Amino acid sequence: STESACLVAFHAENIERIFRNKGNLDNPLSKFTNVLVPGREDNFISSSKSRHQYLVFILGNDKESTLDCIDTLQKSLKAELQNLIKDESLCTVNCGYTWFPEQGKTLHELITNVNFALFEAICFNKEEKNAFTPSSFQKQKLELKRNDRFEKLLNTNSFRYYFQPIVSARDGEIYAYEALMRTDSSIGLSPIEILEIADKHNRLY
């Protein structure tokens, strides 16, 4: 298609908190994601990448209407998150977006671009929607790859743990264990890198 379109990514901070109190909620995630369910008049498709991240493809609107739609979705998601978590200070919904066909002509290009726009929004704590910019992308490509590997690590729980005994020099008895966190070669992040990225993204918990 040559029709203008936009791919949008949303990241819901602290959404895992709604799963800690399941007794009070029938289906907490569905209440949140229903905000992204297209209505009959809406020209968009929505999907989830994980509990934290959601994608919306908006087709056929002019750019001004599309940007208004993004603003409305972001505000609605934040309001629903506040309704579920009950603590406004914990409710952040970051947003990044990119345009088709100017900034990407394939789905792969669009997803790469929108991931970067969202990555920037999260890193710089931007509360408003963040547009993809090619010049910024070229400067920070390496950081984006590290972030993608970090997301894969958390979403697939691909940690490896080792427990090393600590032995008393007096009697040779094991009196404690040191817990070591590692990743496999496909992730390739050191423990220090993981903790730094998690801290930057408020995902240490």
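Of the 205 residues in this protein, 39% count as buried. The model is a predicted one, so everything below is computed from its atoms. The C-alpha atoms fit in a box of roughly 75 × 45 × 25 Å along the principal axes. About 12000 Å² of the protein is exposed, and carbon and sulfur atoms supply 49% of that area.

As for the fold, there are 6 helices and 7 strands. Reading from the N terminus, the order of elements is β-α-β-β-α-β-α-β-α-α-β-β-α. Among contacts with a separation of 6 or more, residues 24 or more positions apart account for 60%.

The surface carries a nonpolar patch made of Y161, F163, V167, I174 and Y177, which together have about 570 Å² of accessible area. Two strands, β6 (159-167) and β7 (174-183), each put at least two residues into this patch. Strand β6 gives the most, with 3 residues. Y177 sits in strand β7, and with a relative accessible area of 53% this tyrosine is exposed.

Cysteines come next. Searching the whole structure turns up 0 disulfides. For C91, the closest cysteine sulfur is that of C95, and at 17 Å the two are too far apart for a bond, given that a disulfide needs its sulfur atoms within 2.5 Å. C95 has a closer candidate in C6, but the sulfur-to-sulfur distance there is 8.2 Å, so a bond is ruled out as well. Both of the cysteines just described are tucked away from the surface by the numbers: C91 is buried at 2% relative accessibility, and C95 is buried at 0%.

Helix α4 (residues 134-139) holds S136. Is this serine buried or exposed? Its relative accessibility is 13%, and S136 counts as buried because that value is under the 20% cut-off. The side chain of S136 makes a polar contact with the side chain of E120, at 2.4 Å. Once neighbours within four places in sequence are set aside, S136 is in contact with F116 and E120. E120 therefore turns up on both counts, as a polar partner and as a contact.The backbone has a few spots worth a look. The peptide bond from F100 to P101 is cis, with omega near 5°. P101 belongs to the loop between β4 (93-100) and α3 (107-123). Two asparagines also stand out for their phi angles. N125 has a positive phi of about 50° although it is not a glycine, and this residue lies in the loop between α3 and β5 (130-131). N157 likewise has a positive phi, near 50°, without being a glycine; its place is the loop between α5 (141-155) and β6. How do these asparagines fare at the surface, buried or exposed? N125 is exposed at 56% relative accessibility, and N157 is exposed at 55%.

Conventions:
Residues are numbered from 1 along each chain as its sequence is written. This is a predicted model: local features need pLDDT of at least 70, side-chain atom pairs count only at pLDDT 80 or more; totals for chains, interfaces and linings use all residues. Side-chain values use heavy atoms; hydrogens and water are left out. Patches are made of residues with over 30% relative accessible area and no salt bridge: like charges are joined within 9 Å, nonpolar side chains (Val, Leu, Ile, Met, Phe, Trp, Tyr) within 5 Å. Accessible areas come from the Shrake-Rupley method with a 1.4 Å probe; for residues, only the protein chains shown count as cover. A salt bridge is a side-chain nitrogen of Lys or Arg within 4 Å of a carboxyl oxygen of Asp or Glu. Helices (H or I, at least four residues) and strands (E, at least two) are DSSP runs, numbered from the N terminus. Buried means under 20% relative accessible area, exposed over 50%, partly exposed in between (1.4 Å probe, protein chains only). A polar contact is a pair of N or O atoms within 3.5 Å; within protein, one must be able to donate a hydrogen and the other to accept it, and residues adjacent in sequence count only if both atoms are side-chain atoms. Contact means heavy atoms within 4.5 Å.
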